[in-house]
Amino acid sequence: MTDFSHLIREANLIDGQWVAADDGGTIDVTNPADGTVIARVPNSGATETQRAINSAHTAFPEYAAMPLSERVALMRRLHDAILDNHEAMAAMLTAEQGKPLSEARGEVASSAAYVLWFAEEARRTNGAIIPAPIPGRKLLTTRHPVGVVAAITPWNFPSSMLGRKLGPALAAGCTTIVKPASATPLSGLVWGHLAEQCGFPRGTVNVLTGSARLIGGEITSNPKVAKITFTGSTAIGKQLLAEAASTVKRMSMELGGNAPFIVFDDADLEKAVAGAIIAKFRNAGQTCICTNRLYVQSGIYDRFASAFSKAVSDLKVAPGNEEGAEQGPLIDAAALEKISDFVADAKAKGGEVITGGAPHSRGGLFYQPTVIADATADMRFSTEEIFGPIAPLYRFDTEDEAINAANDTDYGLAAYAYTRDIGRVFRLQDRLEYGLIGINEVLIVSPEIPFGGLKESGLGKEGSWQGIDDYLDTKFMCIGGI
Ligand code: ADP
């Protein structure tokens, strides 16, 4: 595997210095495929966070005032630097996160693509001239970076989530503090290294690892932080929203999902099976847009169940860096236990395991890709996010029934459906309460689209023309006496 040791940073980047935690404490970073320790990163707390915030706050006025062409040039350099290190960053990502190398390569490419997209969008943060209702006046709006942005990122996409957060923040002229997830800090720290190498001014990118509670507590209460952008669980998102209320921070939240995948009788069976495999088993099921519930219409149910379970049992379960690996290990022991509990719960309530259903013979954190037929609404995974390789199949008869079941959740991130009926496609668009809808397609995310959830799946959009909006404040000015 490609050597990535030159990209490992085992220190915080605060105010342009690579420093240890104040008390010298560290956190082990392990490879989930074999449990080996691959690095040790600082176990920081509130005081280090305060220094990082001060650094970003001090750097802000100058960075915000940097000529746009220079800022765009920095962003383009960052994009190029990511691609120059593509293979090593992908290898590092697989080593700390576990996903197959092919997926890691895709994620790193996506990180670069977001940076480039926002470099381009930086030139289009237009204001407006508003027709005045009263003669002798000019009304105009201008856009300004919000200030210091804190990004808190999860372990499942530790690289591309920074493309979506640092990308728009830096493009808009904000300065930043990044807190990567403790399980996958290396793919976050490397952004500090690359930003430094590309010439981003001291204090514009600070990265620190450590206690989520202590770092998070300082971020949410410190009045110098203007905005928090978070990707993670709905439970932690709600906590951050509550904690940040006292300083009225701008909040962007990408939270959990419970994606339905609906297969109608008129679907192209082969394409539906191929789509379901990707939508379910990508990153071992550990993405917020992974399908959680597969609703299959009665007329196609048996054929779909048999073709799908055959395809699932053919998936190659292996360490992410092994040739042809399609499903890697889960992230940690708690995840494995949660998956086992879901399967036991489903079996107790009448679910039939038709493929998998047990830890994989490779041992460790590997679990068999699993299909459970005859799933019902009272099973835990009908309402809870699975975040693992279990695919429950629910049988339905009518379109209404499928849509109602699909919407019967507090989440509203992604939904998928396979059908050839054009009228139905538009009915689904109207009625599915989801921010992202894939029809006959599951690979639907790219920098051009507004990624974001409805209901308890989040606030705000990442990517698209909207993705930079959340990092800008609008000022209005009325000029009279003309
Ligand atoms: P997951 O369940 O996918 O790990 P979490 O919501 O627990 O998602 O974690 C997402 C990110 O939020 C991680 O970086 C984690 O360290 C961080 N986090 C967890 N708890 C807190 C907290 N109390 N304050 C701030 N950040 C937190």
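A pocket, for this tour, is an open set of grid points where a 1.4 Å probe fits, with protein on both sides within 12 Å along at least five of seven lines. Keep in mind that you're looking at a predicted model.

**Stop one: the ligand.** Select the ligand and you're already in the largest pocket, since the ligand takes up that space. Now bring up its shell: 15 residues surround the ligand, and the closest are Thr153, Trp155, Lys179, Ser233 and Gln239. Colour the shell by residue class and you'll get 8 nonpolar, 6 polar and 1 charged.

**Stop two: the polar contacts.** Show side chains for Lys179, Ser233 and Gln239. Lys179 puts a polar side-chain atom 2.7 Å from an oxygen atom of the ligand. Go to Ser233 next: a polar atom of its side chain is also 2.7 Å from a ligand oxygen. Then swing over to Gln239, where an N or O atom of the side chain sits 3.2 Å from a nitrogen atom of the ligand. Switch on a surface here: of the 550 Å² of accessible area the ligand has on its own, the protein covers 79%.

**Stop three: the elements behind the shell.** Highlight α7 (212-221), β10 (225-231) and α8 (234-244), each of which gives at least two residues to the shell. Which element supplies the largest share? That's α8, with 3 residues.

**Last stop: Asp84.** Leave the ligand and select helix α2 (residues 68-84), where you'll find Asp84. Asp84 counts as exposed because its relative accessible area is 66%, and the cut-off is over 50%. To finish, draw a C-alpha to C-alpha distance from Asp84 to Ser309: they're 225 residues apart in sequence and 40 Å apart in space.

Key:
Residues numbered from 1 in each chain as written. Predicted model: local features only at pLDDT ≥ 70, side-chain atom pairs only at ≥ 80, totals over all residues. Heavy atoms only, no water. Near = heavy atom within 4 Å. Polar contact = N/O pair within 3.5 Å; in protein donor to acceptor, adjacent residues only side chain to side chain. Areas by Shrake-Rupley, 256 points an atom, 1.4 Å probe, with all protein chains shown as cover. 1 Å grid on protein atoms, 1.4 Å probe; cavity = no way out; pocket = protein on both sides within 12 Å on 5 of 7 lines; lining within 4 Å. Sits in = over half its atoms within 2 Å of the grid points. Helix = DSSP H or I, 4+ residues; strand = E, 2+ residues; numbered from the N terminus. Nonpolar A, V, L, I, M, F, W, Y, C, P; charged D, E, K, R; others polar. Buried < 20%, exposed > 50% of the residue type's maximum accessible area, 1.4 Å probe, protein only.
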